[in-house]
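Student: I want to know how the descriptive terms for a model like this are earned. Can we go through them one at a time?

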Amino acid sequence: MSKNPTPLERVRDYEREQAPKLPADERPLFHLTPLVGWMNDPNGFCYYKGQYHLFYQYHPFSRQWGPMHWGHAVSDDLLHWTYLPCALAPDTAADAGGCFSGSAVPLPDGRLMLAYTGVQPAGTFRRETQAQCVAFGDGTDFEKSLLNPVVRHAHLPEGYSEFDFRDPKIWREADGTFRMVAANRHEERQGAILLFSSRDGLDWQFAGEIDASRKEYGRMWECPDFFPLDGKQVLLVSPQEMQAREEFHAGYGTMAMLGTFHEKDCQFDRESVQPVDHGLTFYAPQTTLAPDGRRLMIGWMDNWETCKEAPRRHPWYAQMSMPRELFIRNGHLYQRPIREIETMWRDTVSHEQITVQEETSLPGVQGRTLDMTVTLHPQASACRRFTLHVAKGRAHYVQVRCDLARGELIFDRSHGGSCRDIAHTRHVKAEVQNGNLTLRLLMDKESVELFINGGEQVVTSLIPTPLDADGITFAADAPVLLSIEAHHLA
Ligand code: FRU
């Protein structure tokens, strides 16, 4: 240990000291957790020098949110992660109040560039402010620019906030110029996403406002992402303090807007709006482009309401979602689990076209680390209600109820082991399509990610259920035909 360690060295020393003490078998099998302490948003998701890099909002010294650092991990397949030392600590005048969320882009000269929000602490006469900073490095060590913050309130027209101005997502265009979208809160239009451009990544110009909440979709929009996909332009944001409306639940949500972008006048014609994930615990997703052209998304498998009441059973708190591949079909954003998960399939069990009514368990179909697809074929059946129980033990279960008549699914973890008065249920559209309803469930110990009808709707939720509750049962109000394919994961 050096005699006068910098704040970053202090964290790295702490990580080295903690790492051997952390029980690896308590971690999920394939979801990323922080090395130690607290984690929130995914940051700097990118493919660099032959590996995926994922950074995360990180407070190593406790399992609660605190002064924000960037934790760091790398992976070949996005399922098995290796920790790298903490990448950023709040240690300069531009970010003394925290290194908030941001992104990364590989540079042609071989360096990796990070863009993040520097929080400048409150002083006697002013509130805490936020501005965008950059750092450059080799994939492990990063040097912050002396010009930080490089995008500040002074760049903005009137009406935009210097207090809510964060989460830069950067990319490089084919001509080598840089773009950035960042979130702001406008006096009237509230949550707003702003676009900037730069030739060198240091000197930035404001290009315009891409879209805004206009009091319809929450007070502030966080963590924007903006990319072309399957002939459309997609804007992802995470709204705060949203009122329940349309398919959106109240509180912290995720939202995808599909439309067309006219770069010349920075005009985004929004054509449709949808929740990204209907679950209880999914927020602040970020995407990157895989080398094979897939648009991959990963989110924080939590939110600011649920995390307050969640148990702290491990020396780390929070996890990332399963990485998902995005695609557009019929003007709708779909998600499917990345295909790399197939390399973890072991002991596949199939039950083809079996009839179920009374609550039934099936040989070989159980466990808490599973990739299972249930296909309902309700055509010739009087069945109106189908119920799937997972994580079922003597005292607990997590329930997925399909109301086939209404075309609705209810995800319900009320009996999953929580003793907190927080949301435990979600209602989501789940219609029989071409005679089938498919439910793909990915379970990884304390989480369930449910992909309905090939990823048309997704429901992500942590479950606090003891791990010995590993039963799975199927039941219906009238005989119904089912097919099941369950892959155990290892
Ligand atoms: C989203 C968020 C971001 C911010 C970060 C702070 O979850 O609130 O807007 O940069 O978390 O940790």
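**Terms and the values behind them**

Tutor: Yes. Keep in mind that this is a predicted model. Start with the whole chain, which has two helices and 32 strands.

Student: How do you know that the radius of gyration agrees with a compact globule?

Tutor: Set the value against the rule. For 490 residues the rule gives a radius of gyration near 23 Å, and the protein chain has 23 Å, so the two agree. Along the principal axes, the C-alpha atoms fill a box of roughly 70 × 55 × 45 Å.

Student: Now the ligand. Which residues are closest to the ligand?

Tutor: The shell holds 13 residues, and Asp41, Gln57, Arg166, Asp167 and Glu222 are the closest. The cut-off for being near is a heavy atom within 4 Å.

Student: What makes the approach of aspartate 41 to the ligand a polar contact?

Tutor: The pair must be N or O atoms within 3.5 Å. In aspartate 41, a side-chain N or O atom is 2.7 Å from a ligand oxygen, so the pair meets the cut-off. Arginine 166 brings a polar side-chain atom to 2.8 Å from a ligand oxygen. For asparagine 40 the distance is 3.0 Å, again from a polar side-chain atom to a ligand oxygen.

Student: How much of the ligand does the protein bury?

Tutor: Taken alone, the ligand exposes 320 Å², and the protein buries 95% of that.

Student: Which strands each supply at least two residues of the shell?

Tutor: They are β1 (37–48), β5 (99–106), β9 (165–172) and β13 (220–229). By class, the shell has six nonpolar, three polar and four charged residues.

Student: β9 also belongs to a sheet. What is the strand order there, and how do the strands pair?

Tutor: The order is β9-β10-β11-β12, an open sheet with antiparallel pairing. β9 and β12 (204–212) are called edge strands, as each pairs on one side only. On average, neighbouring strands of this sheet are turned by 25 degrees against each other, direction ignored.

Student: How do you know that β11 and β12 are paired?

Tutor: Count bridges. Pairing takes at least two, and β11 (residues 190–198) shares seven with β12, in the antiparallel sense. Leucine 194 faces glutamate 209 across this pair, and serine 198 faces tryptophan 204. The two strands form a hairpin with five residues between them. In its turn, glycine 201 has a positive phi of about 85 degrees.

Student: Why are β4 and β19 called edge strands in the five-strand sheet?

Tutor: The order is β4-β3-β2-β1-β19, an open sheet with mixed pairing. β4 (81–88) and β19 (316–317) each have a single partner strand, so one side of each has no neighbour in the sheet. Five bridges join β3 (residues 69–75) to β4, running antiparallel. In that pair serine 75 stands opposite tryptophan 81.

Student: What makes the bond between asparagine 148 and proline 149 worth flagging?

Tutor: Most peptide bonds are trans. This one is cis, with omega about -10 degrees. Proline 149 sits in the loop between β8 (142–144) and β9.

Student: And why single out the phi of arginine 214?

Tutor: Most residues other than glycine have a negative phi. Arginine 214 is not a glycine, yet its phi is positive, near 45 degrees. Arginine 214 lies in the loop between β12 and β13.

Note on methods
Residues numbered from 1 in each chain as written. Predicted model: local features only at pLDDT ≥ 70, side-chain atom pairs only at ≥ 80, totals over all residues. Heavy atoms only, no water. Polar contact = N/O pair within 3.5 Å; in protein donor to acceptor, adjacent residues only side chain to side chain. Areas by Shrake-Rupley, 256 points an atom, 1.4 Å probe, with all protein chains shown as cover. Helix = DSSP H or I, 4+ residues; strand = E, 2+ residues; numbered from the N terminus. Nonpolar A, V, L, I, M, F, W, Y, C, P; charged D, E, K, R; others polar. Axes fitted to C-alpha atoms, helices over the stretch in contact; angles between N-to-C directions. Rg over C-alpha atoms; globule rule 2.2 N^0.38 Å.
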